[in-house]
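Thanks for coming, everyone. I'd like to walk you through one model today, so let me put it up on the screen.

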Amino acid sequence: QAPVMPKVEKNKNIFEPGKEALYRRLTVRECARIQGFPDNFKFYYTNLNDAYKMIGNAVPVNLAYVMAESILEALRNSSSNLSLLKQAQIIRRRESMSEKSNNQGRAYEFSYLTTLFEEISKVRPAKIEKNSSFYAAERAWNTLTDSEKAIYKISALAGVNTIFELEPLILDDGLDELELKIQSDDKGKEGDVRDVLIIRRGIEWEVGLSVKHNHFAVKHSRLSKNLDFGKKWYGIDCSEQYWKDIKPIFEYLDSEKQKGSKWSELPNKEDDVYVPLLNAFKGELERQNCLFGKDIPRLMVEYLLGEFDFYKVIGIDNKKITQIQSYNLRGTLNRQGKKRKRSVELPISTLPTRIVSLEYKPDSKNTLELYLDGGWQFSFRIHNASTKVESSLKFDIQIIGMPTTIISIDCRWSGEM
């Protein structure tokens, strides 16, 4: 048995000299037991340090249970809190819907990953990197019904077969083992919008897919009193005029937030919040464009679409098609193989250099439409993402028009559903 570690100074103990071999670190399972997790509770990790950190940061199971019971009891015993309980139920329903949407997205990524692996393995060696994102996607996949899984697989297979035709290097001859992985959500924050990567390290080549299920959003961003969208989007600080313009808007929202107001209770949120905030955004973008010219449109599109070329694959269930869009902005997509050849040659798309128009969408007070040269068109829809007033708003950004060099292919599903 290891002796007590002698104390040598404040906050510092050492192993007993000569008896170091008697000491050992607690195992992951032992730490989990201390926190109250049952032995049949599964932890998914690839790095041992991540496992210790995950368990160490967890709220002890029994403590969480007792706290939840106490909160529920307090709500039940207070008639004045019935409205609060109803609000909590509404929030839970919305969170459940949001969680379902997130699970569907992760499950769709999993269907692409496994379909790629199954089809590639028929031709060449392949492996899947089982990282934390893989396990999250696998758990989401396991929440689907059998009929949902069948739809996802058919949709993914339609897209995968077309990707093979566009990217011959995937199945081209070679002794190297092809790797497949799902990227973490943090990569998107770093400017990489690709969800699934296909990698051949032997020839230093990779291609990525941005996988979407029934939605076309390019980016979800925010506007707030402290967020400098100019610095984040194209590396140029917003002007003093912009901060002056938005200050009264967010002071108003802060005041309503402190009152506990709901968005639905604001007398005119469109004229008091949406329109002045969009006007400030519009004015700042026009100022920066006058000062820096062609750099602003180019940098903005690079921010919205990420720093790597990619294919966007969108499963559209009601039409029974999978749409593939090629974003070949740097010419890294569609390379020829040694033996296999591409079925279509993808052109390189040119980034915009000029803002043609930035105006409100007809009959709308919450959406701006941005028209750039070269056929690039985006919509910016501002909206609240919560029941209660917050001092920030979400931007839903979509592509509403693309250059003719962005090739879009509709892949019709085949097989029984």
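**Rings first**

Okay, let me start with an aromatic cluster: Phe229, Trp233, Tyr234, Tyr242, Trp243, Phe281, Tyr303, Phe380 and Phe395 are linked to one another through ring pairs. Keep in mind that this is a predicted model.

Now, the overall picture. The protein has 11 helices and 14 strands, and its C-alpha trace spans about 75 × 65 × 50 Å along the principal axes. Of the 417 residues, 43% are buried. If you take the contacts with a separation of 6 or more, 63% of them are between residues 24 or more positions apart.

Back to the rings. How many aromatic pairs are there? The count comes to 25. Let me show you a couple. Phe37 and Phe43 make an edge-to-face pair, with 5.2 Å centre to centre and 75° between the planes. Both partners fall under the 20% cut-off for buried: Phe37 counts as buried because its relative accessibility is 13%, and Phe43 does so at 16%.

Then there's Phe110 with Phe134, and that pair is tilted, at 5.6 Å centre to centre with 50° between the planes. Phe110 sits in helix H4, residues 82-120, and Phe134 in helix H5, residues 132-141, so this pair ties together parts that are 24 residues apart in sequence. Both Phe110 and Phe134 are buried.

While we're on rings, have a look at two arginines. Arg25 has its charged end over the ring of Tyr52, 3.6 Å from the ring centre. Arg194 does something of the kind with Phe308: the charged end sits over that ring, 4.1 Å from its centre.

**Two helices meeting**

Next, H10 and H11. In general, you describe two packed helices by the angle between their axes and the distance between those axes. Here, H10 and helix H11, residues 295-305, pack at about 120°, with their axes 8 Å apart. Why call them oblique? Angles over 145 degrees count as roughly antiparallel and 65 to 115 as roughly perpendicular, so an angle in neither range, nor under 35, goes down as oblique, and that is therefore how H10 and H11 stand to each other.

Who touches whom? On the H10 side you have Leu285, Gln288, Asn289 and Phe292, and they meet Asp295, Ile296, Pro297 and Met300 of H11. By class, this contact has 5 nonpolar, 2 polar and 1 charged residues.

H11 has a list of buried residues too: Ile296, Pro297, Met300, Val301, Tyr303, Leu304 and Leu305. You'll recognise Tyr303 from the ring cluster. And just after H11 comes Gly306, with a positive phi of about 90°.

Staying with H10, which covers residues 269-292, let me point out Pro276, which is placed in that helix. Is Pro276 buried or exposed? In between, really: at 25% relative accessibility Pro276 counts as partly exposed. Leaving out neighbours within four places in sequence, Pro276 is in contact with Ile249, Glu270 and Asp271. As for Tyr135, that residue is 141 residues from Pro276 in sequence and 44 Å away in space, C-alpha to C-alpha.

**A few loop residues**

Last stop, the loops. Asn334 is in the loop between strand E9 (321-327) and strand E10 (355-360). Asn334 is not a glycine, yet its phi is positive, near 70°. Asn334 counts as buried, because its relative accessibility is 2%.

Further along, between E10 and strand E11 (367-372), the loop holds Asp363. That's another positive phi in a residue that isn't glycine, about 65°. Asp363 is exposed, with a relative accessible area of 86%.

And finally Glu390, in the loop between strand E12 (377-383) and strand E13 (392-401). Glu390 is partly exposed, at 30% relative accessibility. What does Glu390 touch, not counting residues up to four places away in sequence? Arg222, Leu253, Lys257 and Trp263. The C-alpha atoms of Glu390 and Gln258 are separated by 9.4 Å, with those positions 132 residues apart along the chain.

That's my tour. Happy to go back to any of these views.

Definitions and conventions:
Residues are numbered from 1 along each chain as its sequence is written. This is a predicted model: local features need pLDDT of at least 70, side-chain atom pairs count only at pLDDT 80 or more; totals for chains, interfaces and linings use all residues. Side-chain values use heavy atoms; hydrogens and water are left out. Helices (H or I, at least four residues) and strands (E, at least two) are DSSP runs, numbered from the N terminus. Buried means under 20% relative accessible area, exposed over 50%, partly exposed in between (1.4 Å probe, protein chains only). Contact means heavy atoms within 4.5 Å. Axes are lines fitted to C-alpha atoms, for helices over the stretch in contact, and angles run from 0 to 180 degrees between N-to-C directions. Ala, Val, Leu, Ile, Met, Phe, Trp, Tyr, Cys and Pro count as nonpolar, Asp, Glu, Lys and Arg as charged, and the others, Gly among them, as polar. Rings of Phe, Tyr and Trp (its six-membered ring) pair if their centres lie within 6.5 Å; planes under 30 degrees apart count as stacked, over 60 as edge-to-face and the rest as tilted. A charge sits over a ring if NZ of Lys or CZ of Arg is within 6 Å of the ring centre and within 35 degrees of the ring normal.
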